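Open the model in your viewer and set it to a cartoon representation. The stops below go from the sheet to the helices and end with the whole chain.

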Amino acid sequence: MQDASDGKEAFEKLHSFCPDLIIMDIDLPGENGLALTEKIKERYPRTVVMIFTNHDLPEYRDAAYKKGAKCFFSKETASLKEIIGLIASICGHGDTV
């Protein structure tokens, strides 16, 4: 697992780590997570991006999917079981982790 302090660092790390899954927030220093999701999907179309944010608004949700995010979770309402289940299904492990 890798983390990054801002959008630029996150994008640069992709070249070295080539992750299968990225959990992205919308609020990032520098470039926002929606714009970064679009860049990631253009360059690494197989990488799955999950948006996990405090901004649970329809316009952010719609934008996330339009930019290529696989799913959108609210930090306020998403349960740990729901998130783990989705990650497991994306990674090919069914409903078990």
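In which sense do β1 and strand β2 pair, and over how many bridges? Select residues 48–53, which form β2, together with β1: the two strands pair in the parallel sense, over four bridges. Keep in mind throughout that this is a predicted model.

**The sheet**

Within this pair, show the side chains of methionine 24 and isoleucine 51; the methionine stands opposite the isoleucine, which lies in β2. Now add the remaining strand. The sheet is open, has three strands in the order β1-β2-β3, and its pairing is parallel. Colour 21–24 (β1) and 71–74 (β3): these strands stand at the edges with a single partner strand each, so each has one side without a neighbour in the sheet. Looking across the strands, the twist from one to the next averages 20°.

Next select residues 80–90, helix α4. This helix packs on the sheet and touches β1, β2 and β3. The direction of α4 makes about 170° with that of β2.

**α1 against α2**

Select residues 7–17 for helix α1 and 33–43 for helix α2. Their axes are 11 Å apart and the packing angle is about 15°. Angles under 35 degrees count as roughly parallel, and α1 is therefore roughly parallel to α2. The crossing of this pair is right-handed. To see the contact, show Gly7, Ala10, Phe11, Leu14 and His15 on α1, then Leu36, Lys39, Ile40 and Arg43 on α2. Sorted by class, the contact of α1 with α2 consists of five nonpolar, two polar and two charged residues.

**α2 against α3**

Keep α2 and add residues 58–67, helix α3. Here the axes of α2 and α3 are 8 Å apart, at an angle of about 15°. That angle makes α2 roughly parallel to α3, and the crossing is right-handed. On the α2 side, show Leu34, Thr37, Glu38 and Lys41; these meet Tyr60, Ala63, Ala64 and Lys67 in α3. The contact of α2 with α3 divides into four nonpolar, one polar and three charged residues.

**The whole chain**

Clear the selections and colour from the N terminus on. The elements of the protein chain run α-β-α-β-α-β-α, that is, four helices and three strands. The C-alpha trace spans about 30 × 30 × 25 Å along its principal axes. The radius of gyration of the protein chain is 13 Å, which agrees with the value near 13 Å for a compact globule with 97 residues.

Terms used. Residues are numbered from 1 along each chain as its sequence is written. This is a predicted model: local features need pLDDT of at least 70, side-chain atom pairs count only at pLDDT 80 or more; totals for chains, interfaces and linings use all residues. Side-chain values use heavy atoms; hydrogens and water are left out. Axes are lines fitted to C-alpha atoms, for helices over the stretch in contact, and angles run from 0 to 180 degrees between N-to-C directions. Angles under 35 degrees count as roughly parallel, over 145 as roughly antiparallel, 65 to 115 as roughly perpendicular and the rest as oblique. A crossing is left-handed if the near helix is turned anticlockwise from the far one by less than a right angle, and right-handed if clockwise. Contact means heavy atoms within 4.5 Å. Ala, Val, Leu, Ile, Met, Phe, Trp, Tyr, Cys and Pro count as nonpolar, Asp, Glu, Lys and Arg as charged, and the others, Gly among them, as polar. Two strands pair if DSSP finds at least two bridges between them. The radius of gyration is taken over C-alpha atoms; the globule rule is 2.2 Å times the number of residues to the power 0.38.
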